[in-house]
Structures are given as C-alpha cells and as structure tokens.
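This report walks through a few parts of a protein structure, beginning with one of its sheets and moving on to its helices. Please keep the 3D view open while reading.

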Amino acid sequence: MPTDGKVASVDRRRLLQAIGAASAVGLAGCSGSGQDEGTTTEQETDTDGGDGGGDGGDLGERVPTLTFQYWSDQGPPTVLFEETISTIQAVTGDIGISLETMPMTTAEGLSAVSNDTREFHIAVNSHGPSPGRLDPNELLTNYSIDFAGANGDYNPSNYASCEFSELAEAQSTVGDPEERQSAVDDALSVYSADLPFIPTIERPTTAAINTDQVNSIESGAAGLNDVHWAALVEAGVSTAGGTDAIVANLPTEHLTSSFYPTVADGDSMGLYTSLTHNPLLMYDSDYELTPVLAEDWETSDDGTTTTFTLRDATFHNGDPVTPEDVKWTYEFLRDQYHDGDYQWTSLPESLSVEVVDDSTVAFNTDEAAPTLLTASLSIYGVLPRDPYVNAGIEDNPTDFDDPMIGAGPYRMVSYQNQQNMALEPHDGHPVYSPEADILFQLYESTDGVTRAFENGELNVAVALHPEAGQQIEESMGGNVQIITGVSHLPFGVMPQMSFAPGKFIEFRQALSHLIDRQNINETYAFGESETVTHCTFHSSAHPWHNEEVLTEIAGDSADVDQARSILEDAGWGWDDNGNLHYPPDAEMEAWPQGEEPDPEEFPCLG
Amino acid sequence: MSRLRYFVRRTFITAFLIFLVASALFLFFRLMPGDYTALLTQQGMQPDQIARLEAKWGLNEPMHIQYVSYVTNLLTADAGQSFRHGAPVWDLVKPRIINSFILVAPAITATYIIGGTLGAVIGKYRGGLFEKSSIISVSVFHSIPDFFLGILLIAAFSETAGIFPTSGMLSTRTSILMQGEPFYAKFFLKEFWMHYALPFATITLYFMQYPALIMRNSVVEVSDQEFLHYHRLKGLPQSKLLQKLIRHASLPVITLYPISLATSISGLVLIEVVFNWPGIGRLLVDSVLARDFPVIQFVFLVAAVWVILGNFVVDLLYGVIDPRVSVEGDGE
C-alpha cells in the first residue's frame, strides 16, 4: 500500500518533533529530514483554518517549471534516463506542473550536485555499480549530511538528515555481521522513509553468447557483465564447433595502461578481480561472498581480527601464493591508500597483516573493520611480491612496467592498451577450471558490438542494451543464449533536497507516484527487468537488501490521483488554471545556496 | 618582399598561431564545467583521495602556474600524462594518429582523384543525363550523415552480403598476433584490406562532392577562357587542349586537397566509432566524455597544428602550382 509508507514517515517525524519541542537540545533539527519542517508547519496552519487545498483559495508560490537533469554520456543508461523523464512528462500536466530537460555530461552533473548549484530540480541518473558498492557503507556515507551542500562532496540528493547520518556512521564500526546488518537496516529504514532517492527499475544486465561457437553457461542473479565476470569462470566456459577462442567485447574504459588500481579505475577492477587477479574471497554470480584463494576465514567476536586459511594456489609465473605475498599486497595497498596513490579500496590505516604459519594469515585492526571483507579484500586481488617489487612498484607506484601476474583462473598473454587483451586458462587455480582462451576487444559503440556479434566477429557480447539482446535473439534464433541479470544498484531519480520542491517529503512521494515504472520496464528493458517500489539504493539482488525495513513508495504504474492527494493533504493547491502551488509561506530553501547545512538547524553538525 | 622573407615571415606567423591555439586550448578546458575528478567521485572515491590526486596532477595550483608548466612541458615534447589511462599522452596518441592517417590520407586522396576526374568529365560533357545523375549522386552521398552512410554500407555489405567484416582494423586474434610487428606489417594481410574497404568507401563517397563539383565548375569556367580559344585557333590537337584545360581547371581542387586532408583527420570521429577504427577520433570521444584534459588538449592541438601546417604548405606551394600567384613585391 503506497500510503503505508507515508503514514510511517509522518508518525516518525511527529514523534521526533514532540521530542524536539520538549528538549532543550533541540532535537527537532535531527528530525530525519530537516528540510521538511517548513512544509509540516504549513500543513498544520492549513488544517487550522486555511483553505489552501484544492479549491484555489489560499495558495502559496506557484511551482515553477521543473528542470530534470540527466547524464547524456552513459550509453544505454542514458536511454533509460530519457525514457524515465518521458513517462513523468506524460502525467505532469495532470498535476499542474511543467517540465524541461537538461542533459549534462556525467562530470558536469556530478559537479553541479557536489556544489549544490541548483541549476536543476531533479537529477535522473544512477549510482555507478562499482564493486565496492556491494557493501552499503560507501553510499550510506555519500548520503550523509557531511556531504550535503556546496562543499564539493557528492551527496546525490543533497540529503541532510542528522538521524540518518548518525545511523550511517554507526554501522561502519559494527564488527559482528549480524549486528551490522541490523545497524544498516536502521539507517536504511530512515533513508527509505525520507525518500532521497526514488528508485524506478532494476538495472538490467544483458549479455549474449553465440552457442554455435561457445557452450552455453549458467549464471546467477548478476548475469554476465563487463564488471562482473564470475559467471564465466564458475561455468568453466568452453568453446564449441571448432572455435579456438572466445572473443568478447569490452567497453573502452576497461583497458588502461595497467590493471593496478593506482592506474586503473574502479570499473576495471571488476574485470581483473573476476578473471586474472583473484582475491582471497570474492563475490560470485549471485553476489555472495565465496572463498577463492582462501579456503575459509574466521572473524573474531570484536571484529578486529580476521584469519584466513590459504588454499594451495600458484601465481601465473608458477610461484606459490604465500602468506608473505598476501601480507605484502595488502599492507602496500594500505600505505598507498593513506599516503600515496591507491584510489579505490579503503583499507583501514591501522591494518596489519600477520603471517601466522605457512598457510594462515591474520588481518588485524585497532577497531572493528566491517567493510574489510565486503568492500576491500573481496575487490582487489593478491599479487606476487617479488615480480612487482622488481618491476619498481614500490619506487613508483603509478609508473612501473606492470608484470601483470596474478593468481586468477586466467593468465594474461597479451595486452595492448586501449585495444585488446588475450587471456589463457591458468592450470594452477585451486577452484576454477576454464577451458578456453578469451580474447577481449575494445568497442566504442554498443551498436557496433551488436553488429559484430551478429556477424560472427564476437562470440560473447556484454554490456548490451536490452533491446539489442532482443534484436540478437530475433536475428540469430536458436544459436544464441541471452543472459539477463540484475546489477546490484537500481536506476532512479534524485530530487535535490536543498531547495523546493525536492526538499518537501510530500513532493518526493508525489513524484514517486507519477513514475510509471512498468512502462519504463517495458520500453527500456522489454519487460525483462523488475520495477522497484520500495525506497532503497540497493537492488533486490544486493547482498544487503532487506525489504522488510523499507518504505513502499509507489505501485508499478503511475497514480496521478494518489500524487494529487498527497500534495493536497500537505497543503499544496491548484489555481483556476490548474497550476500547482506550494503551501502558503512555504520555505523554499533548506539552506542558502552556496552554503552548507546550518549547524543550528542540524545539531549533529555542531 | 623576397620569397625567402615571405617564407620566414609565414613560418613565424605559423609558429605564433600554434602557440595561440595551445594557449586557447589550455584556457578553454580549464573554463569548462566538470572535471575528471567528478567521475572519480561518482565511482566512489573519497574527497581526501581526490584532493591527493589533484595535488599529484598539479590541479590544485593556480591557473598561471599550471599554464607555465603546460607550455614548458609542450616545448620539451612532454604532453603530460592521461588522467584516465595513466599513460603518457604521446604514447596514447601516436599510434592513433598513424591509424587515422592510414585511413584518411588514402581515402581523401582517392576521393580527389576520382572526384576530380568525375568533375572534369561532367564539366566537359555538361547538360546531359550523365551530368545530372552524377551531381545528384555525389550530393546524395554527402547529404547523408557520414556515420549513417557507414551503417548503410555495413548493413549492405557485411550483414546482408557477408563480404566484409563490420569493424576494426584486423580481427582480434590477428591484432594480438601482430603485436610487436611494425605498423606496416598489416598492409601485407588480405584481412586488413577487407577491414579497410568499408570505412574507405564511406569516406570516399561522403567527400566526393567537393572535388567533383568544384572541378566541374572550374572546367566550365576555364573552357571559356581566351587562352584556350587561342590554342584552339592555333590548331592544337584535342588531347593537348584537354591537357591544358585540366591543368588549369584543377588548381582549385589541388588547393583544396591538403586542407581537406588536414580537416578530415580530426573530423571523422563518427566514422571511426561506427567502424571501431582505433584512430584519433575515437580516442577523442572517449577523452571528452571522461574529461581527460591532457589527452583532449593534445589531440585538439595535433588537429590544429595539422590544419595550420596544411595551410602553411598550401600557401608556400601556391606559387609553384600556379605561376600567376606571386608574393607581394615579388619581382621588384
């Protein structure tokens, strides 16, 4: 029931407001979404005697033409962004608002949000599904109040809530996995009720395999995509019909001059972690942590020590994977992260790796480090110490001749920066036994990938638009396996909460009801994806997803009446021409433009 | 002014122009909204990490300091390091320039030879069905966007007829096998020419309009000039007359050729994308989307230098091509 979420939200806020009124410390400023207070006041005023509602009597300022910004450089997701805006545009007339679009490059859009420039009211884009976001900590941190306002930090909605921020921070230090799940649930519960992100549909992943040339594979929920190749290695993919190698495409961002993360980017690491540079444990094709170079692991009760038992494994140069290699890899990356150029995996500064015996290593930290397993050790692979030291990595971590040796199921035999890469099976892998060589070719255009696949130049195609998957299926009939999956983060809409109308909870709720999710699913994903009707930045396949704590925010289809009703109940109204107006005397800004949230309004900042 | 003084003066002007372009590129890219670090933020990089990268790349320095080091580095042939690829810009750009040149130079040359010949024929035998159909044909090919013309050719000759591959310079396997070979080794492979055919045809058909129509008009114009009547009255054979006609009529086309070559090397971005041709245009698209300023600046600079030098060479060769053209004061 869509209204359940709203009722739950109002109850919580009213409770906190009551506490705030009675409290000298002014907890009202921490009322989950401080931006909503102005409206709530007006709502009460209205109830007390105003007639602002639907009869055109006491109206506030007219809601201006709303600007919907979207990233214009994202390939297939850009199509989704445009279709999302189209579905909203189809019904905004019914609710008395007009809409304009503002395409921006991703860099421009991010910069505008980070600096709270208020050039647009709504951002229609997505959280990038980088591997580190398989743990919720990163996005919880991004949505925290410290990141809101014109400070250059990226808070996707400029969402400022003390209650949420405190819970988000609390979960980051809980060592016990079950307790942490509970802490994450608490934070996401508040987040979900406040609706800073309005999800639309799951981000589908589409891949195709030419079954005349490559034997079909089984895949988990993740499917097969350019940053998550676990399905391929789990299946031990092999060729068919006399084909000598698998030829697959890669988007252009993946082949940098080195896989090493002081040089490569976050997306590239998914490729290398899955195939060539396995870590101790990694996410499988169902987004579940699975042991790879480690046989098993155990975390102490206080969360400060995790002990791994290593399997018998070898690097691609034939050397065994030793505890000393593990220690060197992660302590070097720790130093690089805190003092040098390592960019992606946030290893704790206090991390030390202890060699316990010939097959055991212990990771120690001063405080519980819950993201160590889920967002760090599972993302970046173990390196052989000597070849890398000899290559000069310690002297110059960003400019060394990368020997490209790992302990993954595939060994790199050829690498041409920004062109192609050849891999062959590595016999010494303790878990996976792939059979065929893989050749990766960079493609600039997704249409080019489709054409090359249909023409037999590629026999595995990833990062396809769902429409391309359908097109390939129609043109190639029974000779193709289409693999669909779900990314760990969904698509959605980010109302900018630093100013009106995005600052008002009722507007965000109404906007959610204006989105025809089923229509988006049909037009973008040909019905292959799923609608998301609870507020969360996780997909249903995400390992931390828990629908029980989330607020339901809409149905599958647009519901204009429900949207109007929500706005009307909150004191919004329409003039004789049907134009939507704010409640009388509504505050238009959560904080002044160019500034950050005020500590007086948000005591947690004091 | 003597030819030597003219040459020296033009050389200085050319060098100054290149310096101006380099400076303008620096300024424009710094003034543009958004930067590479914003993309890193979206991927989840923390602010302190980004601050460290900005310090490493010198982006935290005042603009004038950045400018001085930019110019200094350029003078020492150091185009900097790509933010995105972590490699020296020159290492990224050099093979792409070669790949683009391999495609563009022969294609534009063929365009001018075929188009010029076609223009000469339709200019000589104007007024007939052949003239009309030729002009319509070259105009239609040029009115179709170049990338779409490429897609049409792929649909016809790759997907339907199955004759040519859809994309790339070589198949992935061959490309990997050829790693380490000199760049010209691929020219001896039939596979390369099969990959080459469609992008070559696309460029040739798309650009045919310029030389064909200019040559036609030039032939029409020169045909009525008095020197030809004089030669005709002298009783010069038809073949000699035609030779003189073509020689004079081809001057505007020859003038346009290096300029077309210069502009097209940077203007075929979409053709390279459609055919997945690993040229400079494709690198440019990637770098623009990623706000990889060092690469974009350098690619734009290379393109600008190419155009400026093209014009420089044309200016110098004018007098050689057409003796009627002289520099101011020449012969005083």
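The model shown here is predicted. In chain A, strand S9(A) and strand S10(A), the latter covering residues 305–310, run antiparallel and are joined by five bridges. One pair can be picked out by name, since Trp297(A) has Phe308(A) in S10(A) as its bridge partner.

These two strands belong to an open sheet of four strands, which follow the order S9-S10-S12-S11 in chain A with antiparallel pairing. Strands S9 and S11 of chain A stand at the edges with a single partner strand each, so one side of each has no neighbour in the sheet. On average, and ignoring direction, neighbouring strands of this sheet are turned by 20 degrees against each other. In general, the strands of a sheet pair through backbone hydrogen bonds.

The residue ranges of two strands and of a helix that lies across part of the sheet are listed here.

| Element | Residues |
|---|---|
| S11(A) | residues 352–357 |
| S12(A) | residues 360–364 |
| H10(A) | residues 323–339 |

Helix H10 of chain A lies across S10, S11 and S12 of chain A, and runs at about 175 degrees to S11(A).

Another helix of chain A, H13 (residues 446–454), is mostly covered, with seven of its nine residues buried; among them are Val449(A), Arg451(A) and Phe453(A). Just after H13(A), Gly456(A) takes a positive phi of about 85 degrees.

Chain B, finally, has 16 helices and zero strands, and 39% of its 332 residues are buried.

Key:
Residues numbered from 1 in each chain as written. Chains lettered and ligands numbered in written order. Predicted model: local features only at pLDDT ≥ 70, side-chain atom pairs only at ≥ 80, totals over all residues. Pairing = 2+ DSSP bridges. Axes fitted to C-alpha atoms, helices over the stretch in contact; angles between N-to-C directions. Contact = placed C-beta atoms within 7 Å. Buried ≥ 20, exposed ≤ 12 C-beta atoms within 10 Å, placed from the backbone.
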